[in-house]
Amino acid sequence: MRGATHARWIVSAVAVALAATACGGGGDGGTGGSDGSGILSSSWGDPQNPLEPANTNEVQGGKVLDMIFRGLKRYDAKTGEAENMLAEKIETSDSQNFTITVKDGWTFSSGEKVTAKSFVDAWNYGAGLKNNQRNAYFFGYIDGFDQVHPTSGDQTAETLSGLKVVDDHTFTVRLNQRFSTFPDTLGYVAFAPLPRAFFDDHDAWLKKPVGNGPYTVDSYTRGSQMSLRRWDGYPGDDKAQNGGVDLKVYTDNNTAYTDLMAGNLDLVDDVPASQLRNVQADLGDRYINTPAGIIQTIAFPFYEEAWSKPGTEKVRKGLSMAIDRNQITDTIFQKTRTPATDWTSPVLGEEGGFKEGLCGEACEYRPDEAKRLVQEGGGLPGGQVRISYNADTGSHKEWVDAVCNSINNALGNDRACAGNPVGTFADFRNQITQSKLTGPFRAGWQMDYPLIQNFLQPLYYTGASSNDGKWSNKEFDDLVDRANAETEAPKAVGIFQQAEEVVRDNMAAIPLWYQNGSAGYSERISNVVLNQFSVPVYEEIKVG
Amino acid sequence: MPETERPEALRGSGGRPPEDGRIAATGAGGAMDLAASEATTLERAPGAPGGPGLTGGGPSGKPRSLWSDAWHDLRRNPVFVISGLVIAFLVLIALWPSLIASGNPLSCDLAKAQEGSQPGHPFGFDGQGCDVYTRTVYGARTSVTVGVCATLGVALLGSVLGGLAGFFGGAWDAILSRVTDIFFAIPVVLGGLVLLSVVTSSTVWPVVGFMVLLGWPQISRIARGAVITAKQHDYVQAARALGASSTRILLRHITPNAIAPVIVVATIALGTFIALEATLSYLGVGLKPPTVSWGIDISAASPYIRNAPHMLLWPAGALAITVLAFIMLGDAVRDALDPKLR
Amino acid sequence: MGRYVIRRLLQMIPVFLGATLLIFLMVNVMGDPVAGLCGERQCDPATAAQLKKEFGLDKPVWQQYLTYMGNVFTGDFGTAFNGQPVTELMGSAFPVTIRLTIVAIVFEIVIGITLGVLTGLRRGRPVDTTVLLVTLVVISIPTFVTGLLLQLLLGVEWGLIKPSVSPDAPFDELLVPGLVLASVSLAYVTRLTRTSIAENRRADYVRTAIAKGLPRQRVITRHLLRNSLIPVVTFIGTDIGALMGGAIVTERIFNIHGVGYQLYQGILRQNTQTVVGFVTVLVLVFLVANLLVDLLYAVLDPRIRYA
């Protein structure tokens with residue numbers, strides 16, 4: 001044991017040394033100061049797809065687009081409310097035909113004016129099948145999508161028939177169904193306007209994107225760094241309070257965190273789980289932990305007879321009650337997750353449709369009740385549940401193991417639940433889309449826009465794009481249709497909540513917890529806020 | 001053996017920087033005791049017939065073979081006895097872990113996560129609140145099986161193929177060496193994801209098989225190099241001149257002289273295989289949960305080194321002892337096979 | 001000798017073809033990569049089909065392979081899923097990785113062989129035991145942990161190094177990562193050298209050299225070490241490729257955007273073009289390294305000849 005003792009000595013020495021490093025951050029000089037010209041550095045990940053608005057479906061690319069683009073609407077960082085940005089007004093009388101007026105005076109940083117055409121061209125591009133945009137389905141509500149983006153064969157039309165430019169500042173949108181909250185979805189980055197340069201010289205644009213946001217891209221080295229600088233001619237109210245942002249690519253957020261402690265980095269917007277216990281000692285109050293529109297659930301394969309037959313909702317409910325959410329969020333996640341009590345997210349707010357406790361006792365930890373319910377429901381299919389997850393990203397192993405241990409303890413059987421890792425995300429998605437998984441699997445939902453509709457329809461509506469478990473319930477579908485047609489927001493929300501109750505009664509998915517965004521920052525910067533998409537609001541950060 | 005993603009490195013490990021500068025400076029001092037130890041060696045082997053270089057060369061050798069000679073030596077070597085006892089102990093707890101651990105490695109209480117040593121739980125608790133002592137004891141079965149079987153497989157396959165390539169040379173060498181080159185080219189992560197993801201068996205054998213498949217080229221190259229050197233020695237030329245068959249030359253003259261580097265690499269590789277098993281588990285293609293193994297526990301503990309080093313140190317200590325036992329065993333076996341010592 | 005080298009160079013052609021075909025097939029066996037491109041939702045079938053067409057995944061595998069190889073010979077290694085040409089990825093990753101590998105190998109040679117000679121000459125002495133214990137620590141503690149602790153200690157606590165390596169990755173920033181990367185190989189090199197030295201120091205030529213009255217320094221370096229290096233050189237030769245393609249942990253800890261990272265990403269995202277491109281270059285490195293090792297045998301041991 002000499003080797004081990006020896007090693008322990010080193011480790012304790014390091015631990016002591018680290019404990020002494022209460023504060024590591026500190027200015028490395030940099031440029032500027034309190035006059036608002038200071039430049040901060042922030043951690044970043046290499047975007048997975050080319051940086052086009054309708055082609056970016058993950059946070060890292062979205063982070064940049066959020067800095068260089070402004071759309072018709074913008075979600076308030078705190079309340080999540082969709083407020084007019086470039087939109088002067090959006091009018092409708094029937095929830096299906098909308099007239100959108102674009103504010104005057106907006107330009108791209110190249111000087112080109114932002115007009116109604118900038119939007120219509122961008123949306124047509126985003127929807128076009130031949131342009132290969134991953135987010136094309138966002139335009140699926142617009143009339144004519146079937147021709148521009150047919151499910152098979154080549155596209156038969158270049159432009160969406162539902163989009164019409166009226167004049168420089170006005171265009172109309174006709175939807176293929178009634179969708180009362182459509183205007184509120186327009187803050188999503190896929191709906192951003194695009195300058196002519198995007199279409200005329202696409203490759204050059206991708207190398208150095210040009211938009212209409214408060215920042216411009218100064219230089220971009222793929223895979224290592226992007227330098228963004230304040231655009232002094234920015235016409236909006238939310239001008240950048242700092243001179244610019246250097247986004248540095250980190251392949252591991254732990255390294256970014258270490259760099260923050262060493263004072264080489266100003267902002268880490270994703271604190272690694274393993275460091276959460278040290279965050280207080282390392283950063284003190286320079287750590288923020290705020291709710292974000294993300295919920296994690298366990299979904300079930302309803303295409304499997306074993307999980308769809310009547311009575312199994314008791315098993316699912318039992319499993320849900322066997323999970324000690326409080327314990328897991330406290331220990332594994334250090335309170336950066338909040339136990340879920342419904343299927344939406346607290347960021348929606350009461351008015352937006354979040355209803356605390358909607359899940360009721362089914363989401364509380366009641367081991368005895370859990371055991372009884374599972375037995376009443378006919379026991380676990382096959383005697384064991386294996387929760388599938390992808391092993392390559394997101395370190396899901398830890399919480400899946402914890403959930404399984406909790407279930408095993410509640411059911412008094414140490415083989416009742418086990419994790420089932422799948423090697424790659426692509427393989428995991430393949431197994432899901434081809435309905436190959438025979439047991440429950442991890443599911444997560446990060447909202448596209450802060451609407452209750454976005455938490456329910458894509459996930460539980462029959463045939464919806466993210467209804468991976470192929471759950472189908474007529475009552476739920478009808479309620480969603482009714483809610484979408486409803487013109488008054490509060491009424492629509494009420495109907496959505498009824499639909500959510502249907503999800504609850506069937507336990508279509510086990511809600512686990514709401515995810516928070518977390519960030520740590522250096523002493524150089526202040527006024528750091530995360531928006532509801534857990535992205536820092538860069539333009540408000542003050543340097544010095 | 002390239003490393004991979006995260007803690008569960010393939011090579012599994014890292015370490016303190018050896019004290020470099022100082023040692024380079026004392027390099028000259030090493031020469032000083034060269035002559036001294038030379039003298040002891042000579043004293044220890046006074047009765048070697050015909051001098052060290054010629055041992056076992058002629059047909060007039062003693063009735064006892066080289067291998068039984070080696071065994072005779074081994075039994076008297078305390079290093080061998082101690083390492084043998086440690087290995088026997090490891091095998092014992094691998095077979096019957098409940099002998100020294102009464103708990104259940106799968107019973108975990110999250111409320112106790114990362115807590116240190118306390119009565120009844122001498123090694124403390126891991127990140128899931130499982131007892132580290134119980135898991136370390138129960139992990140022996142998987143880890144020792146994987147480590148020992150993969151090492152044996154790799155050493156046998158690698159040294160046989162490499163030895164033959166080195167001994168016969170020519171076309172055989174060319175073909176075998178180029179095959180090893182192709183195997184070298186397969187990244188472990190890719191190999192694991194492709195070959196192991198199709199396996200549904202929950203035993204350790206697919207994992208062991210995979211390690212043998214990707215691990216043999218290295219030993220093969222080492223063995224080939226050692227055999228190429230050994231076959232140039234005078235006694236081999238002499239044996240060949242005396243008309244000894246290839247088999248006899250290989251087994252009796254070359255193997256004992258070429259086996260040392262293979263033993264060295266194999267004993268260290270044993271440790272890396274145990275860690276590699278964790279990498280594969282981390283990739284989601286290794287042993288299926290809820291398997292208990294040192295590698296898995298070490299990799300799970302690695303991110304928490306700042307908060308709960310005890311989670312890492314006990315399974316890592318167990319791994320270190322296992323590797324130490326095998327390194328000592330390998331050393332003893334090598335010494336026993338070295339004719340110059342006799 | 002010249003003919004031997006030419007023959008070896010010619011043998012590279014089948015190995016090259018075999019290795020690329022093998023890797024190509026392996027990545028393809030992993031299944032459809034498109035499903036992973038649309039995040040947590042199902043790609044709509046039309047977009048999925050379009051993406052497949054763009055990456056040439058809609059054709060039979062043999063046709064994909066032929067097209068790919070045809071392109072490779074014209075210098076086109078395809079594009080990664082983020083739209084970046086693979087040659088561009090290689091151009092930024094390989095120089096960094098080559099520097100890192102050089103640092104690691106220099107450490108292996110200097111520290112590993114020095115420690116090996118020292119312990120080989122003083123078997124059983126305290127220095128031998130100490131090195132053995134360090135070896136055990138290196139083997140049983142993951143690179144991740146040692147790398148992390150070194151980074152925290154040297155980078156944050158003492159401020160001696162920058163915790164992460166800048167995109168240019170100059171040699172001086174790669175010293176600590178190189179040491180971490182080399183650590184396990186150091187254990188191998190040290191113990192291989194030690195065993196060889198211990199074995200050879202009783203050899204006749206050493207005895208003769210001592211009897212001739214040569215200075216001990218010279219006996220060790222010119223006679224003993226030179227004859228003991230063959231297994232060590234072999235090991236280092238096999239290690240070069242592993243260090244270049246498999247430094248994933250080290251590269252991650254120190255934020256080095258090298259080959260290991262690109263290869264790992266390519267594999268996880270099942271991007272055939274990235275993986276095959278990088279592995280192809282690695283295979284060439286292997287082939288050249290092994291050829292050099294074989295040639296070194298003849299230099300180290302004059303009795304070995306190649307015809």
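## Domains and contacts across chains A, B and C

In chain B, the C-alpha centres of domain 1 and domain 2 sit 21 Å apart. Bear in mind that all of this comes from a predicted model. Domain 1 of chain B covers residues 66–93, and domain 2 of chain B covers 96–323.

So what does each domain put into the contact? Six residues come from domain 1 of chain B and 11 residues from domain 2 of chain B. On the domain 1 side, the top contributor is helix 3 of chain B (residues 78–95), which supplies five residues. The chemistry of that side is easy to sum up: six nonpolar residues, no polar ones and no charged ones.

Next up is the contact between chains A and C. Chain A brings 52 residues to it, and chain C brings 48 residues. Which elements of chain A give two or more residues to the side that touches chain C? They are helix 1 (2–20), helix 8 (253–262), helix 16 (425–433) and strand 16 (441–446) of chain A. Helix 1 of chain A provides the largest share of that side, with seven residues. By class, the side of chain A that touches chain C has 18 nonpolar, 25 polar and nine charged residues.

Here are the two sides, split by residue class:

| Side | Nonpolar | Polar | Charged |
|---|---|---|---|
| Domain 1 of chain B, touching domain 2 of chain B | six residues | no residues | no residues |
| Chain A, touching chain C | 18 residues | 25 residues | nine residues |

Staying with chain A, there is also a database annotation to look at. UniPro​t, in an unreviewed entry, lists residues 83–466 of chain A as "domain: Solute-binding protein family". In the model, that span is 30% helix and 21% strand, and its end C-alpha atoms lie 27 Å apart.

Now for chain C itself. What is its make-up in helices and strands? Chain C has 12 helices and zero strands, so to speak a run of α after α, reading α-α-α-α-α-α-α-α-α-α-α-α along the sequence. Its C-alpha atoms fill a box of roughly 80 × 55 × 30 Å along the principal axes. Of the 307 residues in chain C, 54% count as buried. How far apart in sequence are the residues that touch each other in chain C? Taking contacts between residues at least 6 apart, 73% join residues at least 24 apart.

Notes. Residues are numbered from 1 along each chain as its sequence is written. Chains are lettered from A and ligands numbered from 1 in the order in which they are written. This is a predicted model: local features need pLDDT of at least 70, side-chain atom pairs count only at pLDDT 80 or more; totals for chains, interfaces and linings use all residues. Helices (H or I, at least four residues) and strands (E, at least two) are DSSP runs, numbered from the N terminus. A residue is buried if 20 or more other C-beta atoms lie within 10 Å of its own, exposed if 12 or fewer, and partly exposed in between; C-beta atoms are placed from the backbone. Two residues are in contact if their C-beta atoms, placed from the backbone, lie within 7 Å. UniProt positions are given in the numbering used here, feature names are shortened, and annotations may be inferred rather than shown by experiment. Domain bounds come from an automatic or database domain assignment. Ala, Val, Leu, Ile, Met, Phe, Trp, Tyr, Cys and Pro count as nonpolar, Asp, Glu, Lys and Arg as charged, and the others, Gly among them, as polar.
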